[in-house]
Amino acid sequence: MRKNFTLLLLTALFALVACDNPNINPQNSNPAKNESEISESDRAINNLIDQCKVYDAEALVQGLPGEWLLDSYLAYDNEWKTITSPFYVMGDMNCEGLNAGTYTFTTEGKGVFSNTLEDPLADPIRWEFDWNYNAENGKLLLSGENYNTEYKVSGFYNEYLVLDYYDSVNKHNIREIYKRVVE
C-alpha cells in the first residue's frame, strides 16, 4: 500500500513537470453558488484569492525572491469554479502521504524546488531551475535540466503566491497556493 501511494505521489509530482495548458483561465471557485452551498474549503480559498488576485507584475518580480512553502493543493472542475478535491487546504492535510514542497527563488532568476517524501527509502527531491515571469500573459516559467513547467499566476500578495495549471497526466485543473516562509 505504502509503495503504491509513493508511486502515486511521485506520478503527481512528475505531473508538475509535464503540465502545461495555454488555455488556463482560472477563476474563483463557486462564484455563482448560493452562500449556503459553498464549502468551507471554497470559502477560505475564495477569500484568499480575493485578497491577492489583483497584483502588480513588478511587485511580483521583486517580491518573489525568498522561500515559499506549499499551503494549499486543490483540484478544480473543468470551468475552474468548484474545488473537486481539496487535498491540502491552508495547511490542513486531507490526503495521506502528501508532502508540502518548497520553492526558493533568487533575485538572479534562479530557483530550487525541494521536497522530502514520507517514505524513508525515497530520496529527497531537489530540482534547480531558472525562473522568468512574463507580465503580458501572467505566466511564470521555470526551466532547468530536470524541471520545466509553466504556471499561470492567479494571485500574489505579500505572503501568498497562487499558481494554476492543467495536470495533463491526471486530467484536471490544479491550483497550488504557496505561503512565504518568514524566518
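The buried residues of helix α2 (buried meaning under 20% relative accessible area with a 1.4 Å probe, protein chains only) are covered by elements that include strands β1 (66-76), β2 (83-89), β8 (148-157), β9 (160-167) and β10 (172-180). Helices (H or I, at least four residues) and strands (E, at least two) are DSSP runs, numbered from the N terminus. This is a predicted model, in which local features need pLDDT of at least 70 and side-chain atom pairs count only at pLDDT 80 or more, while totals for chains, interfaces and linings use all residues. Residues are numbered from 1 along each chain as its sequence is written, and side-chain values use heavy atoms, with hydrogens and water left out.

**Helix α2**
- The buried residues of α2 are S41, D42, I45, N46, L48, I49 and C52.
- These residues cover an arc of only 165° around the axis (taken from the directions from the helix axis to the C-beta atoms), which puts them on the same side of α2.
- On the other side of α2, E40 and Q51 are exposed, that is, over 50% relative accessible area.

**Nonpolar cores**
- The largest nonpolar core (buried Ala, Val, Leu, Ile, Met, Phe, Trp, Tyr and Cys residues joined through side-chain atoms within 4.5 Å) has 27 residues, and those with the most contacts (heavy atoms within 4.5 Å) inside it are Y103, F105, L140, L142 and L161.
- Strand β6 gives the most to this core, with five residues.
- Apart from this core lies another, of twelve residues, among them L48, L74, Y76 and Y160.
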